Amino acid sequence: MPVQRTLSIIKPDAVGKNVIGDIIRRFEENGLSVIATKMTHLSGSEAGRFYAVHAARPFFADLCSFMSSGPILAMCLEGKNAVTLNRQLMGATNPKEAEAGTIRADHADSIDANAVHGSDSEENAAIEIAFFFSDLDLHSR
Ligand code: UDP
């Protein structure tokens with residue numbers, strides 16, 4: 001399995017619930033290393049830029065307002081098969097459909113406030129990592 005990097009975001013709902021440590025523990029216990037972190041509070045237009053791919057979707061405005069409603073923790077994760085592994089640990093977008101034991105099953109309240117973001121492909125991971133981090137911020141093991 002290839003070593004990959006992926007972008008994870010702990011969203012405002014999960015930051016507000018004080019479960020940052022529990023989420024990072026799951027990554028580390030499953031072989032993913034945190035190689036960069038940034039806590040930030042996006043503006044509505046920054047959230048719109050990050051989620052530009054969803055601009056035409058009906059939930060876009062609500063998504064941008066939710067993602068700019070409080071601080072987030074952006075992280076670059078590295079490890080074998082990191083993109084798919086992170087998505088497995090996150091669980092389905094809708095927490096009602098998320099497998100038991102996943103981050104969203106345990107911490108998400110709804111399809112909007114669903115605790116975490118994770119890149120969905122290696123190509124998007126590179127774009128999303130560059131949104132938050134420069135090469136100098138990334139500290140590979
Ligand atoms: N989203 C939403 N309503 C929907 C679908 C998605 O609010 O009906 C939000 C939700 O926060 C989700 C994000 O938009 O995490 C991006 O959607 P995507 O389908 O890419 O899901 P993800 O990759 O986050 O599982």
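Let's start right after helix α5, where G91 follows with a positive phi, near 85°. Helices here are DSSP runs of H or I with at least four residues, strands are runs of E with at least two, and both are numbered from the N terminus. What you see is a predicted model, in which local features need pLDDT of at least 70, side-chain atom pairs count only at pLDDT 80 or more, and totals for chains, interfaces and linings use all residues. Residues are numbered from 1 along each chain as its sequence is written.

Now look back into α5 itself. Which residues of α5 are buried? They are A82, V83, L85, N86, L89 and M90. Buried means that 20 or more other C-beta atoms lie within 10 Å of a residue's own; exposed means 12 or fewer, partly exposed is in between, and the C-beta atoms are placed from the backbone. The cover over the buried residues of α5 includes β1, α2, β3, α6, β4 and α7 (122-132).

One of those covering elements is β1, residues 3-10. Of its 8 residues, 7 are buried. It has two strand partners to show you, where pairing means that DSSP finds at least two bridges between the strands. With β3 (residues 72-80), β1 runs antiparallel and shares 8 bridges; on that side, V3 stands opposite K80. With β4 (residues 116-118), β1 is again antiparallel, joined by 3 bridges, and S8 has G118 as its bridge partner.

Just ahead of β4, in the loop between α6 and β4, sits A115. In general, most residues other than glycine have a negative phi. A115 has a positive one, near 75°. Is A115 buried or exposed? It counts as buried, because it has 26 C-beta neighbours inside 10 Å. Compare N18, in the loop between α1 (12-16) and α2 (20-29). N18 is not a glycine either, and its phi is positive at about 65°. But N18 is exposed, because 8 other C-beta atoms lie within 10 Å.

On to the ligand. Around it you'll find H54, F59, L63, T93, I111, D112, N114, H117 and D120. A residue counts as near the molecule when its C-beta atom, placed from the backbone, lies within 6 Å of it. That shell divides into 3 nonpolar, 4 polar and 2 charged residues. Here Ala, Val, Leu, Ile, Met, Phe, Trp, Tyr, Cys and Pro are nonpolar, Asp, Glu, Lys and Arg are charged, and the others, Gly among them, are polar.

UniProt, in an unreviewed entry, annotates a "binding site" at K11, F59, R87, T93, R104 and N114. Its positions use the numbering used here, feature names are shortened, and annotations may be inferred rather than shown by experiment.

Let me pick two of these. T93 is in the loop between α5 (82-90) and α6 (103-107), and it is exposed because 12 other C-beta atoms lie within 10 Å. Leaving aside neighbours within four places in sequence, T93 is in contact (C-beta atoms, placed from the backbone, within 7 Å) with I111 and N114. R104 lies in helix α6 and is buried, because 23 other C-beta atoms lie within 10 Å. With the same neighbours in sequence left aside, the contacts of R104 include G91, N114 and A115.

Finally, the wider frame: the unreviewed UniProt entry lists residues 3-140 as "domain: Nucleoside diphosphate kinase-like". Over that stretch the chain is 40% helix and 20% strand, with the end C-alpha atoms 11 Å apart.

Notes
Two residues are in contact if their C-beta atoms, placed from the backbone, lie within 7 Å.
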